[in-house]
Amino acid sequence: AIKNFFNPEVLEGILEEFPDLSKGDQLKYKNPNEDKLATQGEHKFGPKLKQFMHFLNSQTFLEFLQELTNIDEPLIPDPYFEGGGCHESKRNGFLKIHADFNKNRLTGLDRRLNVLVYLNKDWEDSYGGHFELWNKDMTKCVTKVKPDFNTMAIFSTTDFSYHGLPDPITCPEDRSRRSLALYYYSN
């Protein structure tokens, strides 16, 4: 996790444009494993959000990720935001501990990295919603990341990259946990 990585003014503009995920044709996941909302593609992105997401898929950012993670082969972004994009969890939202899909269904490429950018100002610990990474046998949480504004979490995607926010969020009804999710692939 890296705190205060991006220009906060840029993220302020993105927060102002963050789409209302409870309306329209957005993805609504409500089942025993998750309760969250997400965009489908970039069609609901405003101009600032679209520009920022395109930057996170740019050569400059991809080369930064490769250097940071010591991945030798070129990383390939997902311009379709298959599973990525804007994510939101309202009060009582959760995401059980799980490992993500490893292959992009559109391209067949292998998923290598996840990047999460948090957009939550004045997020109190008591609200929960911390991003958790668990050990390989899923017996304990090894790290937690508070979903604070301008915090970026980066982690590898493998069969054993267990993560989530397993406990229901307890933020006030007028608040929600918001993030941007980007996935990166290689052949």
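Biologist: In the hairpin that strand 8 and strand 9 form, which residue in the turn has a positive phi?

Modeller: This is a predicted model, in which local features need pLDDT of at least 70, side-chain atom pairs count only at pLDDT 80 or more, and totals for chains, interfaces and linings use all residues. Residues are numbered from 1 along each chain as its sequence is written, and side-chain values use heavy atoms, with hydrogens and water left out. Strands are DSSP runs of E of at least two residues, numbered from the N terminus, and two of them pair if DSSP finds at least two bridges between them. Strand 8 (residues 131-134) and strand 9 (residues 141-145) run antiparallel, joined by four bridges, and within the six residues between them the positive phi, about 55 degrees, belongs to Met138.

Biologist: Which residue of strand 11 stands opposite Leu133?

Modeller: Strand 8 also pairs with strand 11 (residues 163-165), in the antiparallel sense and over two bridges. There, the residue opposite Leu133 is His163.

Biologist: How are the rings of Trp123 and Tyr127 arranged, stacked or edge-to-face?

Modeller: Rings of Phe, Tyr and Trp (its six-membered ring) pair if their centres lie within 6.5 Å, and planes under 30 degrees apart count as stacked, over 60 as edge-to-face and the rest as tilted. Trp123 and Tyr127 have ring centres 5.0 Å apart and planes at 85 degrees, so the pair is edge-to-face.

Biologist: Is Trp123 buried or exposed?

Modeller: Buried means under 20% relative accessible area and exposed over 50%, with partly exposed in between (1.4 Å probe, protein chains only). Trp123 has a relative accessibility of 2%, and therefore counts as buried.
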